[in-house]
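Trainee: I'm new to this one and don't want the whole tour yet. Could you pick a single part and take me through it slowly?

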Amino acid sequence: MDYQNIITIEPGKRSGKPCIRGMRITVYDILEYLAGGMTEAEILEDFSELTSEDIKACLAFAADREKKLFVVSL
């Protein structure tokens, strides 16, 4: 999934955290809801401005970040 048109980063919004389409809902918020047990349907019900594609973009963004993460051994 190409999340680049959905996930935005603006220095003055939510302290520069990655957000969904310029809204104040962050990728972290969505991941936290999913990790806490909310389903995609429940998130979409609570946040009518979100789409299924927005949630998939959050997951793709997180997966991409994880892929780029590396550990430095000391």
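Mentor: Let's look at helix H1, then at the ring pairs and one strand residue.

Before we start, this is a predicted model: local features need pLDDT of at least 70, side-chain atom pairs count only at pLDDT 80 or more, and totals for chains, interfaces and linings use all residues. Residues are numbered from 1 along each chain as its sequence is written, and side-chain values use heavy atoms, with hydrogens and water left out.

H1 covers residues 27–35. Helices here are DSSP runs (H or I, at least four residues), strands are E runs of at least two, and both are numbered from the N terminus. Its buried residues are Val-27, Asp-29 and Ile-30, where buried means under 20% relative accessible area, exposed over 50% and partly exposed in between, with a 1.4 Å probe and protein chains only. Look down the axis of H1 and those buried residues fall within an arc of 165 degrees, so they line one face of the helix; the arc is taken from the directions from the helix axis to the C-beta atoms. On the other side of H1, you'll find Tyr-28 and Ala-35 exposed. As for what covers the buried residues, that includes strand E1, strand E2 (19–20), helix H2 (40–46) and helix H3 (52–68). After H1 comes Gly-37, with a positive phi near 105 degrees.

Now the rings. The whole structure has two aromatic pairs, meaning rings of Phe, Tyr and Trp (its six-membered ring) with centres within 6.5 Å; planes under 30 degrees apart count as stacked, over 60 as edge-to-face and the rest as tilted. Tyr-3 and Phe-61 have ring centres 5.3 Å apart and planes at 85 degrees, so that pair is edge-to-face. Tyr-3 sits in the segment before E1 and Phe-61 in helix H3, 58 residues apart, and both are buried. H1 has a part in the other pair: Tyr-33 and Phe-47 have centres 5.6 Å apart and planes at 25 degrees, so they are stacked. Tyr-33 lies in H1 and Phe-47 in the loop between H2 and H3, so the pair ties together parts 14 residues apart in sequence. Tyr-33 itself is partly exposed, at 27% relative accessible area.

Last, a glance at E1 (residues 7–8), where Thr-8 is found. Thr-8 is partly exposed at 22%, and its side chain reaches the backbone nitrogen of Gly-22 at 2.9 Å.

Conventions. Polar contact = N/O pair within 3.5 Å; in protein donor to acceptor, adjacent residues only side chain to side chain. Contact = heavy atoms within 4.5 Å.
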